Amino acid sequence: MEGLRFIQSQSRLGYRSVRLVFNWGVDLDEAMRDVQAAMDKVERRLPEEVDKPEVRKYDPNDLPVLVYGVTTEN
């Protein structure tokens with residue numbers, strides 16, 4: 001895929017996660033469409049009992065600028 005920086009995967013019993021990281025400036029909406037098209041091809045070859053794979057877009061800009069905690073003594 002154009003602009004793909006690296007792929008990272010995690011596996012454990014009943015769970016698999018694949019993370020795609022793209023270079024800065026890549027159109028993430030277009031990349032998402034490309035990933036979804038690739039997943040649609042793979043999905044047809046999966047066993048019927050396997051749940052449909054989910055593709056999610058994560059944008060670190062959606063994170064809050066500040067996170068803090070407050071504690072008190074009773």
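Start by selecting Arg56 and Glu54, whose side chains meet in a salt bridge with an N to O distance of 2.8 Å. The model on screen is predicted. Arg56 counts as exposed, at 68% relative accessibility. Glu54 is exposed too, at 60% relative accessibility. This pair belongs to a set of three salt bridges in the structure.

**Second stop: Asp29 and Lys57**

Next, select Asp29 and Lys57. Their side chains form a salt bridge at 2.6 Å, N to O. The contact joins distant parts of the chain: Asp29 sits in helix α1, Lys57 lies in the segment after α1, and 28 residues separate them. Are these two residues buried, partly exposed or exposed? Asp29 has 42% relative accessibility and so counts as partly exposed. Lys57, at 47% relative accessibility, is likewise partly exposed, because the exposed class begins over 50%.

**Third stop: Lys52 and Glu43**

Now select Lys52 and Glu43, where the side chains meet in a salt bridge of 3.7 Å, N to O. Lys52 is exposed, with a relative accessible area of 55%, while Glu43 is partly exposed at 27% relative accessibility.

**Fourth stop: the largest pocket**

Keep Arg56 and Lys57 selected and add Val18, Arg19 and Leu20; these five are the lining residues closest to the centre of the largest pocket. The lining has 37 residues in total, and the pocket holds about 1,500 Å³ of space.

To see where the lining comes from, colour β1 (4-12), β2 (15-22) and α1 (28-43), each of which supplies at least two lining residues. Which element gives the largest share? Strand β2 does, with eight residues.

Colouring the lining by class shows 21 nonpolar, five polar and eleven charged residues. Two of the residues closest to the pocket centre, Arg56 and Lys57, have already appeared on this tour: Arg56 in the bridge to Glu54, and Lys57 in the bridge to Asp29.

**Last stop: a nonpolar patch**

Finally, select Val65, Leu66, Tyr68 and Val70. They form a nonpolar patch on the surface, and their accessible area together is about 560 Å². Centre the view on Val65, which is found in the segment after α1. How exposed is Val65? Its relative accessible area is 89%, so Val65 falls in the exposed class, which needs over 50%.

Note on methods. Residues are numbered from 1 along each chain as its sequence is written. This is a predicted model: local features need pLDDT of at least 70, side-chain atom pairs count only at pLDDT 80 or more; totals for chains, interfaces and linings use all residues. Side-chain values use heavy atoms; hydrogens and water are left out. On a 1 Å grid over the protein atoms alone, a cavity is a set of points where a 1.4 Å probe fits but cannot get out, and a pocket is an open set with protein on both sides within 12 Å along at least five of seven lines; lining residues have an atom within 4 Å of a point. Grid points are joined across faces, edges and corners, and a volume is the space filled by probe spheres set on the points. Helices (H or I, at least four residues) and strands (E, at least two) are DSSP runs, numbered from the N terminus. Ala, Val, Leu, Ile, Met, Phe, Trp, Tyr, Cys and Pro count as nonpolar, Asp, Glu, Lys and Arg as charged, and the others, Gly among them, as polar. Patches are made of residues with over 30% relative accessible area and no salt bridge: like charges are joined within 9 Å, nonpolar side chains (Val, Leu, Ile, Met, Phe, Trp, Tyr) within 5 Å. Accessible areas come from the Shrake-Rupley method with a 1.4 Å probe; for residues, only the protein chains shown count as cover. A salt bridge is a side-chain nitrogen of Lys or Arg within 4 Å of a carboxyl oxygen of Asp or Glu. Buried means under 20% relative accessible area, exposed over 50%, partly exposed in between (1.4 Å probe, protein chains only).
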